[in-house]
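Dear colleague,

I am handing over the structure below, and after it you will find my notes on what was found in it. Please read them with the structure open beside you.

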Amino acid sequence: MKIKVLYFASLKELTSSPFVDVEILEEDEPVTARILFDKLQSTYHDSPDICKLLETSMLAINNEYVTDLDNTTIDKNAEVAVIPPISGGWGCLARQLNDF
C-alpha cells in the first residue's frame, strides 16, 4: 500500500518537498500510525535534522491529531500529514501554559 504523507512548515523546507509517498509492505497491514512513523524515520536515517524534527512533530490523519500511534490505523485513502512544532515546539507551549 502506498500512503501519501503531507509535510508542512520547516519539515517541508528541510525535505524540499511538500509530500512523500511511503510504501508499506503487505505484511505490515493493518498499517498503524507507529508503522508509518517508523518508516518515515528510516527513510531519513541519514539526515539527523529531519529525524529530530520528526520526533517532535504531530501526526494527523483525516484532519485529526493522532494521540496513540500504536492503536491508530491508517486506511489506504486517508489524508496523512506531519506537522512540526512552530515557534519553539510543544515543550515551549506546555511551559507557557503552566505559567498561567
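**Notes on the structure**

With a relative accessibility of 39%, Glu29 counts as partly exposed, because a residue is called buried only under 20% and exposed only over 50%. Glu29 sits in the loop between E2 and H2, and although 46 residues separate Glu29 from Asp75 in sequence, their C-alpha atoms are 9.8 Å apart in space. Please keep in mind throughout that this is a predicted model.

To place that loop in the whole, it helps to begin with the chain. The protein chain has four helices and five strands, and its elements, read from the N terminus, follow the order β-α-β-α-α-β-β-β-α. Of its 100 residues, 36% count as buried, and the chain exposes about 6600 Å², of which carbon and sulfur atoms supply 51%. If one takes the contacts between residues at least 6 apart in sequence, 50% of them join residues at least 24 apart.

The sheet comes next. Its five strands form an open sheet in the order E2-E1-E5-E3-E4, and the pairing is mixed. Strand E2 (19–23) and strand E4 (64–65) stand at the edges with a single partner strand each, so one side of each is left without a neighbour in the sheet. Helix H2 packs on this sheet, where it touches E1, E2, E3 and strand E5 (80–83), and the direction of H2 makes about 110° with that of E2.

As general background, strands of a sheet pair through backbone hydrogen bonds, in either a parallel or an antiparallel way. Strand E1 (residues 2–7) pairs with E2 in the antiparallel sense over five bridges, and within these two strands Lys2 stands opposite Glu23 of E2. E3 and E5 also run antiparallel and are joined by four bridges, with Val80 of E5 as the bridge partner of Ile61. E3 and E4 are again antiparallel, joined by two bridges, and here Ile61 stands opposite Glu64 in E4. The hairpin of E3 and E4 has two residues between the strands, and in that hairpin Asn62 takes a positive phi near 50°.

One residue of E3 deserves a closer look: is Leu59 buried or exposed? Leu59, which is found in strand E3 (residues 58–61), has a relative accessibility of 6% and therefore counts as buried, the limit for that class being under 20%. Leaving aside residues up to four places away in sequence, Leu59 touches Ala33, Glu64, Tyr65, Val66, Leu69, Val80, Ala81 and Val82. Leu59 and Phe37 lie 22 residues apart in sequence, while the distance between their C-alpha atoms is 8.4 Å.

Phe37 leads on to the helices. In general, two packed helices are described by the angle between their axes and by the distance between those axes. For helix H2 (residues 33–43) and helix H3 (residues 48–55), the axes come within 9 Å and cross at roughly 160°. Angles over 145 degrees count as roughly antiparallel, which means that H2 is roughly antiparallel to H3. Phe37, Leu40 and Gln41 make the contact on the side of H2, and Cys51, Leu54 and Glu55 make it on the side of H3. Sorted by class, the residues in this contact of H2 with H3 are four nonpolar, one polar and one charged.

Finally, two residues outside the sheet may be worth finding on the model, each for its backbone angle. Ala9 has a phi near 50°, which is a positive value in a residue other than glycine. Ala9 has its place in helix H1 (residues 9–15), and its relative accessibility of 36% makes it count as partly exposed. Ser16, for its part, has a phi near 60°, again a positive value in a residue other than glycine. Ser16 lies in the loop between H1 and E2, and with a relative accessible area of 67% Ser16 is exposed.

With best regards

Technical notes. Residues are numbered from 1 along each chain as its sequence is written. This is a predicted model: local features need pLDDT of at least 70, side-chain atom pairs count only at pLDDT 80 or more; totals for chains, interfaces and linings use all residues. Side-chain values use heavy atoms; hydrogens and water are left out. Axes are lines fitted to C-alpha atoms, for helices over the stretch in contact, and angles run from 0 to 180 degrees between N-to-C directions. Angles under 35 degrees count as roughly parallel, over 145 as roughly antiparallel, 65 to 115 as roughly perpendicular and the rest as oblique. Contact means heavy atoms within 4.5 Å. Ala, Val, Leu, Ile, Met, Phe, Trp, Tyr, Cys and Pro count as nonpolar, Asp, Glu, Lys and Arg as charged, and the others, Gly among them, as polar. Buried means under 20% relative accessible area, exposed over 50%, partly exposed in between (1.4 Å probe, protein chains only). Two strands pair if DSSP finds at least two bridges between them. Accessible areas come from the Shrake-Rupley method with a 1.4 Å probe; for residues, only the protein chains shown count as cover.
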